[in-house]
Amino acid sequence: MEHKRLKLYAYLDARDHQRTYLAIMRLFTSTLLADLSAGEVAGALAGQEREGRVEPGESRIENVINRLKQLVEWGNLVQGRREVVAASIAEFQHGSVRYQVSKLAVRVQRDVDELLRVPEGAREVSRELLPAIERGLNELGGSLSVALLNEGDKTKELLAERVTTLFLQHAELAATVRDFYAYLGQVVTRNHLAPDEIAGFRNLLVEYIQRVVEDVLKYTPPIAEALAGFTKARTELLRLLSTDLGASVERARGRTPEDWQELTDWFVDRPGRPSQVTALREATARAIGSLLASVKRATSGGGLLPGRRAELLKLASWFDNSTREEAHEIYAAAFGLYSARHLSPAPEHDSDNERTPWRDGPVCDVTVSVRSRGDRGARGRPSRILDDPMTEQSLLAEAREADEIRARHVAELTKAAGNLENTTLTHGALEVFCELLTLAMAQRDSPQDSGSASDPVRGLKLEIAHGTTTQIKSAAGTLTLHDATVALKQ
């Protein structure tokens, strides 16, 4: 199911005809209940083709049909039919097959258009919704009491109105907070900030964030208290708002216990799960700390300054304002790289499309040393090895203990050397025996050969030769060696 839904985004990153797919989806989502044929879509694309918003030839009916079929395969469009009056078979085929947009595809395109309209700067936090949420919770309690006394249609409608308004206000507040702090995380973690940027972020953090956090902390206690007092009445509220629409219908927010739990978790801490208010306070502290570090790095004399950021931005502006020929000259002059003559076949292209210009290709990250000093050489020296007496003594103790254990196992094998088949070995002694047996058998090229191995410290020697079956008993079971005679010697 997830893979099928993720295919709804395929047209946004299609290798070819991306602008055509986007224009078609905007056409279907621009009106309610859009029901269009391939000919109607081709007519709409013709105007966009004349304006240069889609590639030439994309409004031809055969191309439009292929694009529509591809969108149907991805799940963005669904096919339908309608009776039409046509003068030819081709006109009937083009007019009878109708296309409608699917529900999930409408959401995808709506989010895409909204994303493309979003500016690059910070998003203002809707602080004014905090007192509105507090008032909404207080008014909701009174509306619920009235609805329980008189379960009429008007009282239920008023109750549903307050619940929907409350959750819409909270959704807008949470979205603005997430977007604002996402922008903050993007800018305060940069390695180098210009002086004017530092001044702007200082005002943003010190003044604006302070007001946001103060408002959140001011209204959180009464909101948390209202939500706590509303817990017992939540069951009756959900009963009054319940409707028989079926399990497959997507309900409005505030109609399920999970929605109310999510709202409560935003304001109220739980054991092992801090609220979003707590996360907001911690994120603010981290942002201010990052800004102070940037200010310290910019004002200290021993840092990475002066940097090369201004020069790189100036070079980028030259590239942006130059023609194609001038860009090649600037590139050669700035980086000392000129055209190359390949005397061997070109390697296979394993990254982006070979038809993609370099300015539209993948971005190459510039390291801090290159950005700040223009230096590509490796910096730093090996870390100094620290003296850790406690760890050293602990490792020595573990080694002595392991040596003592092996000595006991070797002594057990030495004692059993004269009567090995009638002795039951412990698990550790069997491990030492198998270790020596493996080394001895590695010296044999055939079963008729003999081999030997010994413990280099304690002198215990194991010899194996071709012979009868030998059985070695142990606490873990019996080891049977066919056509082999084993002897232990000290």
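Reader: Is the crossing in which helix 3 passes helix 4 left-handed or right-handed?
Author: This is a predicted model, where local features need pLDDT of at least 70, side-chain atom pairs count only at pLDDT 80 or more, and totals for chains, interfaces and linings use all residues. Residues are numbered from 1 along each chain as its sequence is written, and side-chain values use heavy atoms, with hydrogens and water left out. A crossing is left-handed if the near helix is turned anticlockwise from the far one by less than a right angle, and right-handed if clockwise. The crossing of helix 3 with helix 4 is right-handed.

Reader: How many helices and strands are there in the protein chain?
Author: Helices (H or I, at least four residues) and strands (E, at least two) are DSSP runs, numbered from the N terminus. On that basis the protein chain has 17 helices and nine strands.

Reader: How does helix 3 lie against helix 4: roughly parallel or roughly perpendicular?
Author: Axes are lines fitted to C-alpha atoms, for helices over the stretch in contact, and angles run from 0 to 180 degrees between N-to-C directions. Angles under 35 degrees count as roughly parallel, over 145 as roughly antiparallel, 65 to 115 as roughly perpendicular and the rest as oblique. Helix 3 (residues 38-50) packs on helix 4 at about 110 degrees, with the axes 9 Å apart. Helix 3 is therefore, relative to helix 4, roughly perpendicular.

Reader: How many charged residues has the contact of helix 3 with helix 4?
Author: Contact means heavy atoms within 4.5 Å. Ala38, Gly39, Val41, Ala42 and Leu45 of helix 3 meet Ile61, Val64, Ile65 and Leu68 of helix 4. Ala, Val, Leu, Ile, Met, Phe, Trp, Tyr, Cys and Pro count as nonpolar, Asp, Glu, Lys and Arg as charged, and the others, Gly among them, as polar. By class, this contact of helix 3 with helix 4 has eight nonpolar residues, one polar and, of charged residues, no member.

Reader: At what angle do helix 2 and helix 4 pack?
Author: Helix 2 covers residues 18-29 and helix 4 residues 61-74. Their axes are 11 Å apart, and the angle is about 75 degrees.

Reader: How many nonpolar residues has the contact of helix 2 with helix 4?
Author: Helix 2 contributes Thr20, Tyr21, Ile24, Met25 and Phe28, and helix 4 contributes Arg67, Leu68, Gln70, Leu71 and Trp74. By class, one residue in this contact of helix 2 with helix 4 is charged, two are polar, and the nonpolar residues number seven.

Reader: How many salt bridges does the structure hold?
Author: Side chains of opposite charge can pair when their charged atoms come close. A salt bridge is a side-chain nitrogen of Lys or Arg within 4 Å of a carboxyl oxygen of Asp or Glu. The number of salt bridges in the structure is 21.

Reader: How many residues apart in sequence are the parts that arginine 19 and glutamate 55 tie together?
Author: Arginine 19 and glutamate 55 form a salt bridge, with the closest N and O atoms 3.8 Å apart. Arginine 19 lies in helix 2 and glutamate 55 in the loop between helix 3 and helix 4, so the separation in sequence of the parts they tie together is 36 residues.

Reader: Is arginine 98 buried or exposed?
Author: Arginine 98 meets aspartate 35 in a salt bridge, at 2.9 Å from N to O. Aspartate 35 lies in the loop between helix 2 and strand 1 (36-37) and arginine 98 in strand 3 (residues 97-101), so the pair ties together parts that are 63 residues apart in sequence. Buried means under 20% relative accessible area, exposed over 50%, partly exposed in between (1.4 Å probe, protein chains only). Aspartate 35 is partly exposed at 25%, whereas arginine 98, at 3%, is buried.

Reader: What is the relative accessible area of aspartate 265?
Author: Aspartate 265 forms a salt bridge with arginine 273, the closest N and O atoms being 3.9 Å apart. Arginine 273 is partly exposed at 47%. Aspartate 265 is buried, with a relative accessible area of 13%.

Reader: Which residues do salt bridges that share partners join into one network?
Author: Aspartate 35 and arginine 98 are paired in a salt bridge. Through salt bridges that share partners, the one network joins Asp35, Glu40 and Arg98.

Reader: How far apart in space are leucine 479 and cysteine 434, C-alpha to C-alpha?
Author: Leucine 479 is in strand 8 (residues 477-481) and is partly exposed at 26%. Leaving aside neighbours within four places in sequence, leucine 479 has contacts including Phe433, Cys434 and Leu437. Leucine 479 and cysteine 434 are 45 residues apart in sequence, and their C-alpha separation in space is 9.6 Å.
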